[in-house]
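Reader: Before accepting the descriptive terms applied to this structure, I should like to see each one justified. May I ask for the reasoning behind them?

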Amino acid sequence: AKELGKNNFQVYSSSLNAQTFKIFSLESSLRYAIERGQLELYYQPKVCPKTYEIVGAEALIRWNHPEWGLVSPDEFIPLAEETGFIVEIGDWVKRTACLQMKLWQESGLPKVPISVNLSANRFLERSLITNVKQILEETNLESKYLEIEITESSLLENEKVVFSVLEELKRLGIKVALDDFGTGYSSLSSLKRFKGLIDILKIDRTFINDLTSFETDDSNFITNTIIQLAQQLKMEVVAEGVETTDQLKVLNNYNCNSIQGYLFSKPVPATEFEKLLNKGKLI
Ligand code: C2E
Ligand code: CA
Ligand code: CA
Ligand code: CA
């Protein structure tokens, strides 16, 4: 037993070192990721549950690391936030997404909005406005085709600034989506305080996971209620993480505006997404 304990410790300890080494290595190579062209945007369609038409796209970042392969954003975004590279990365994401959408529109593909994720631990600051204005000007994309996905935690900072930034985004015609809805500490009070300033609500996939084909199930009731509530407040609702036709059916019955998930498509590289846009309809 003693020996086993020792072995266990060794395994644990060496994988911990590997983990530490990986983080260290990632951190030092993250700073060169942009200039070395290792970052790439993938696009995932948002689909109308009734017609299966593509009604939007979310841009999701990928990092092709030469040694570690594809690194998940859940792994390197927090690292980028800590080290401050998130500013540069966020800038690159917005510019690349807007430019790509403009190119697609110019080539005659259906015009749909593109959404980008704003880092959760970066609160909405005034520089966001100048930054976004500049990118729209440079890329010549109409503001109504850009959406910004934020999480609740970015609403919890300096309330005055958050309000003025959201108001300015509204004036500019840029839509704001509340991401991962229902998982934060103050989902309902966020809806109340920022009424009229948030255009889209994205129901977190944990709720969608729990949907069953029994209409009377509690999870179904909760999701239905979120959708009704949001629509009462004049918001569009997107369901995230839809993987099955049963979930699609239920959400369609609840009149959910659009859905996003592996059922229709995983996030795909630009060339793949272009083909989907060209088809216009999925399935
Ligand atoms: P998110 O914004 O909530 O993005 C949705 C995540 O769910 C994506 O993971 C997507 O691939 C995944 N997903 C979509 N459909 C399904 C499904 O049907 N089933 C399952 N199991 N998963 C699905 P991804 O691309 O790994 O991104 C993870 C998170 O990283 C994002 O969560 C977002 O918080 C962050 N992120 C991604 N790109 C960016 C970016 O450009 N900037 C910032 N700041 N954060 C980003
Ligand atoms: Ca998102
Ligand atoms: Ca989400
Ligand atoms: Ca998330």
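Reader: Why is Asp179 called buried?

Author: In this predicted model, Asp179 has a relative accessible area of 8%. The term buried applies under 20%, and Asp179 is therefore buried.

Reader: What makes Glu240 count as buried?

Author: The relative accessibility of Glu240 is 12%. Since the limit is 20%, Glu240 is buried because its value falls under that limit.

Reader: How do you know that Asp179 and Glu240 are donors of the calcium ion (ligand 3)?

Author: The calcium ion (ligand 3) is coordinated by Asp179 (OD), Asp180 (OD), Glu240 (OE) and Glu240 (OE), at 2.2 to 2.5 Å. For Ca the cut-off is 3.2 Å, so these oxygen atoms qualify as donors. Along the chain the donors follow the spacing D-D-x59-E. The pair joins distant parts of the chain: Asp179 belongs to strand β6, Glu240 to the loop between β8 (236-239) and α9 (245-253), and the two are 61 residues apart.

Reader: Which residue coordinates both the calcium ion (ligand 2) and the calcium ion (ligand 3)?

Author: Asp179 coordinates both, and the two ions are 4.1 Å apart.

Reader: What makes up the coordination of the calcium ion (ligand 2)?

Author: Glu58 (OE), Asn117 (OD1), Glu149 (OE) and Asp179 (OD) coordinate the calcium ion (ligand 2) at 2.2 to 2.3 Å. These distances lie within the 3.2 Å allowed for Ca, so the atoms count as donors. Their spacing along the chain is E-x58-N-x31-E-x29-D. Here too distant parts of the chain are linked: Glu58 lies in strand β2 and Glu149 in strand β5 (residues 146-150), 91 residues apart.

Reader: Are Glu58 and Glu149 buried or exposed?

Author: Glu58 has a relative accessible area of 4%, and Glu149 has 1% relative accessibility. Buried means under 20%, so Glu58 is buried, and Glu149 is buried as well.

Reader: How do you know that Arg62 makes a polar contact with ligand 1?

Author: A polar side-chain atom of Arg62 lies 2.8 Å from an oxygen atom of ligand 1. A polar contact requires N or O atoms within 3.5 Å, so the Arg62 pair qualifies. The side chain of Arg205 has an N or O atom 2.9 Å from an oxygen atom of ligand 1, and for Asp179 the corresponding distance is 3.0 Å. By the 3.5 Å limit, the Arg205 pair is therefore a polar contact, and so is the Asp179 pair. Taken alone, ligand 1 exposes 810 Å², of which the protein buries 83%.

Reader: Which element gives the most to the shell around ligand 1?

Author: That element is β2, with 4 residues. The shell residues divide into 9 nonpolar, 5 polar and 8 charged.

Reader: Why are β1 and β2 said to pair?

Author: β1 and strand β2 (residues 54-65) share 9 bridges in the antiparallel sense. At least two bridges are required, so β1 and β2 pair. Within this pairing, Glu40 stands opposite Arg62 in β2. The two strands form a hairpin with 6 residues between them, and Tyr52 in the turn has a positive phi of about 65 degrees.

Reader: What makes β1 and strand β10 (residues 268-269) a pair?

Author: They have 2 antiparallel bridges. The requirement is at least two, so β1 and β10 meet it. Tyr43 stands opposite Val268 in β10.

Technical notes. Residues numbered from 1 in each chain as written. Chains lettered and ligands numbered in written order. Predicted model: local features only at pLDDT ≥ 70, side-chain atom pairs only at ≥ 80, totals over all residues. Heavy atoms only, no water. Donors = N, O, S within 2.8 Å, 3.2 Å for Na, K, Ca; no water. Buried < 20%, exposed > 50% of the residue type's maximum accessible area, 1.4 Å probe, protein only. Polar contact = N/O pair within 3.5 Å; in protein donor to acceptor, adjacent residues only side chain to side chain. Areas by Shrake-Rupley, 256 points an atom, 1.4 Å probe, with all protein chains shown as cover. Nonpolar A, V, L, I, M, F, W, Y, C, P; charged D, E, K, R; others polar.
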